[in-house]
Amino acid sequence: MGLEKLNHNFLTGSLEEMVKWARASSSWAANFGLACCAIEMMATGAANFDLARFGMEVFRASPRQADVMIVAGRVSQKMAPVLRQVYDQMMEPKWVISMGVCASTGGMFNNYAIVQGVDQVVPVDVYAPGCPPGPETLIHSILTLHEKIRQGHITKRPVDGRGLGIHLTEADGRRIRQQQPQPAGAGTPTR
Amino acid sequence: MRRTTVDQLAAAEVEAHDEQARTSEGFQEMVPRAGTRAAELRREAGSVLRIPEGVTTDFGDFDVDVAEDETMILNLGPSHPSTHGVLRVMVELQGESVLRCKPVIGYLHTGMEKTGEELMYHQGSTNVTRMDYLSPFFNELTYSLGVERLLGVEVPPRATWIRMLMCELNRISSHMLWLATNGSDIGAINMLVYGWREREVLLAFFEKVTGLRMNHNYIRPGGVAADLPDGWRDDVLAICDVIPRRMDDYDRLLTGQPILQERLEGVGALDADTAIALGVTGPLLRSTGVAWDLRRDQPYLAYEQVDFDVIVGNYGDCWDRFAIRFNEIRESVRICRQIVDMMPAGDYRVQDKKVTPPPRSRIDESMEALIHHFKLYTEGFKVEPGEAYVPVESPRGELGCFIVSDGSSRPYRLHMRTPSFANLQAMPPMMRGALVADAIAIVSTIDPLLGDVDR
Amino acid sequence: MSDPGPGPQDGHVHGLPAAEYFGATVIHTDRDRYRQLMGDLKDDGYEMCVGVTGVDYLMHAGRDLPQGIDPQRFEVVVELLSLSRHRRVRVRCQVPESDPHLPTLFDLWAGSEAHERETFDMFGIVFDDHPDMTRILMPEDWEGHPLRKDYPTGHVPVQFKESPGGR
């Protein structure tokens, strides 16, 4: 997906495109797993869903070495200052993915204890809904963020079916993804 | 054992320290050693809890009576690279040995007990299932058992056995995650990847049955939400074949490993009297030699009809806890095989109009079914006044739901007695005299889950 | 099921009214006899204190209580477990709103420490002689006790029609 673009830009394009490509391809996440979403985040980093193919298998414990903060889980009143502190310690450029409904809006916990949306505390780039969002949703949000990093705006949904035609089949109790053969012209970038 | 008494230090020094210790989150500091009351000092050393001779560290090895400037207070967390959640531990170190520690919790407090009072009884499972998010079926189970005790309904046998099956599979997935994170904390990082690989097999089955990988809202008052799908026997037997084979692999990988043995054997020893006095349950209690498992000693569901062993440790150290959880996975596989053979046919929900909605297909055909469904989901069902506490054996210990009802369709008070909340109290005696690296191993083998602790 | 063991004799345990209530043995006490009762129960063989929690009966004053026990606003509920005899017992102690104090169980069962701190945090019931009577779940400087019935849930109004909630 990015390589054709790179080749095209590498030969003729600007340094800025290359920097953006590098940032998107190797953004490291800061460790901010709070609750149930953290388990799904770790599952996404594990072998079955593998974030390493997006360059993100490394979860840095120190926020100084991180680019993306994935706020995974519900943020309580006691945790909000800690969240802000960790965000402030990250170096520019930095992005935030708000994973799960509790981080995005407070989720099902509309009460005294939970901050109603982590965007009350830090600026958020991508919201991933779900309770908890499955690994596919999280990967989709990460790819959206990568597009945002690379192009500076949220990518439009492709019309030629890159997200369509995926069927799930089961074999031996394990889930295997099978893709329908893509129509010709699929995989090209959006208009 | 010598102790500095409060009298020996000027009160002004204590006060000066208090002023410095005020933070933006409030005064959560550890009181200076000299300002600690004798009762708390005794508790950390264990004279109240009667540590037996020679079981824990020999206090003669290091100077217990240290001056203020020879110790350092270190803060671990709440955001730290361990998956146990947002736990903050303040440790007082002398060199590399831990003298005192204080767990500070509350960073994940969600007000679920307050939310539980606002939701109706059939919505309650969605709330409680997110407390101990690694073993959601257990939360739902204890909640549903409590509500059913108050209602006085008896769930059909098939529902009971389905619940048992899902809970034992959940136990496997929870312990598997524990193996993964414990390995990661100790340094065997590839265990992290292996543990999650096994979990995916189980989560795929959960998704097939309940529709969700986590936080299922499947076990509800009255039974379960849906019947097991066709072919479930093959799926469960496939799981029961794969998991033991992989456990043998991990056995070869981990059990004989000298590094793992050095890091876990003899570390964080806890004795039985201390554990019982602190209200510790689950693998932490069983590691001290007390053979207490609610599945066998106060059985619920249909555990009297299946055959399984309760794994008990000898020394109460981290190695025992590792071995107990490791083998509990094997025992759960054994139980699942028996359930596959013994699963009865029948309803998966109690056929009581008060609690169970009509089948969805009937809603299109019958006006009464539509009205029944509507009333059930908007007004809920009323539960007569009373209170019930039903404990179950979750992967972490005794998990119980205490419900007080007042005759309306919402619980008047919903309190979950969660195992990790009590088990964390065992941390100070276990950490006494440990090295900093051992402290991480100890926290890992206590297996606290902060959703469970803070609710 | 496990052997339930001896139940309440004439509806009393250690002189206090007790009954089987929804499958559990429940002993009611008032504040003056609470401490003595807990000591007696510990001697009876209840080695583990499973949990201490509170209930605020502000909205449900008309609950069933035996003769001789005056209903108060708060109740502290203690669950005890005897591993040797496989028995459980529940103790309900009335705590008045005007003076919400109760003796601590810390010297009998050290594990009650965290539970009592949580009860203090959520209800405002102070346990006398507790080694560390501070908030445990809420931030240290939080005002109010969230699980009291007159403390609002803290709902933030959102722009859609909510299902009927609360009382």
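# Exercises on a predicted three-chain model

In this predicted model, 36 residues of chain B are in contact with 35 residues of chain A.

**Exercise 1.** Determine which element gives the most to the side of chain B that touches chain A.

*Solution.* Begin with the elements that give two or more residues to this side: helix H3 (112–118), H7 and helix H8 (232–255) of chain B. Of the contributions, that of H7(B) is the most, with eight residues. Next, classify the residues on the side of chain B that touches chain A: 15 are nonpolar, 13 polar and eight charged.

**Exercise 2.** State how many residues of chain C are in contact with chain A, and of what classes they are.

*Solution.* Six residues of chain C are in contact with six residues of chain A. On the chain C side, three are nonpolar, three are polar and none is charged.

**Exercise 3.** Describe the sheet of chain A and explain why strands E2 and E5 stand at the edges.

*Solution.* First, write down the order of the five strands in this open sheet of chain A, which is E2-E1-E3-E4-E5, with parallel pairing. Secondly, count partners: E2 (59–60) and E5 (126–128) of chain A each have a single partner strand, so one side of each has no neighbour in the sheet. Thirdly, examine one pair: E4 (residues 95–99) of chain A joins E5(A) in the parallel sense over three bridges. Within this pair, A:Met99 stands opposite A:Ala128 of E5(A).

**Exercise 4.** Establish whether helix H3 of chain A is enclosed or open, and identify what covers its buried residues.

*Solution.* Locate the helix first: H3(A), residues 36–45, packs on the sheet and touches E2, E3 (68–72) and E4 of chain A. The direction of H3(A) makes about 130° with that of E3(A). Now apply the burial criterion, by which a residue is buried if 20 or more other C-beta atoms lie within 10 Å of its own. Because 10 of the 10 residues of H3(A) are buried, this helix is largely enclosed by the rest of the structure. The buried residues include A:Cys36, A:Glu40 and A:Gly45. Their cover includes E2, E3, E4 and helix H6 (135–151) of chain A, together with helix H7 (190–210) of chain B.

**Exercise 5.** Characterise the packing of helices H6 and H13 of chain B.

*Solution.* Helix H6 (residues 157–186) and helix H13 (residues 318–342) of chain B pack at an angle of about 155°, their axes being 9 Å apart. Angles over 145 degrees count as roughly antiparallel; H6(B) and H13(B) are therefore roughly antiparallel to each other. Their crossing is left-handed. The residues of this contact divide into 15 nonpolar, three polar and four charged.

Conventions:
Residues are numbered from 1 along each chain as its sequence is written. Chains are lettered from A and ligands numbered from 1 in the order in which they are written. This is a predicted model: local features need pLDDT of at least 70, side-chain atom pairs count only at pLDDT 80 or more; totals for chains, interfaces and linings use all residues. Two residues are in contact if their C-beta atoms, placed from the backbone, lie within 7 Å. Ala, Val, Leu, Ile, Met, Phe, Trp, Tyr, Cys and Pro count as nonpolar, Asp, Glu, Lys and Arg as charged, and the others, Gly among them, as polar. Two strands pair if DSSP finds at least two bridges between them. Helices (H or I, at least four residues) and strands (E, at least two) are DSSP runs, numbered from the N terminus. Axes are lines fitted to C-alpha atoms, for helices over the stretch in contact, and angles run from 0 to 180 degrees between N-to-C directions. Angles under 35 degrees count as roughly parallel, over 145 as roughly antiparallel, 65 to 115 as roughly perpendicular and the rest as oblique. A crossing is left-handed if the near helix is turned anticlockwise from the far one by less than a right angle, and right-handed if clockwise. A residue is buried if 20 or more other C-beta atoms lie within 10 Å of its own, exposed if 12 or fewer, and partly exposed in between; C-beta atoms are placed from the backbone.
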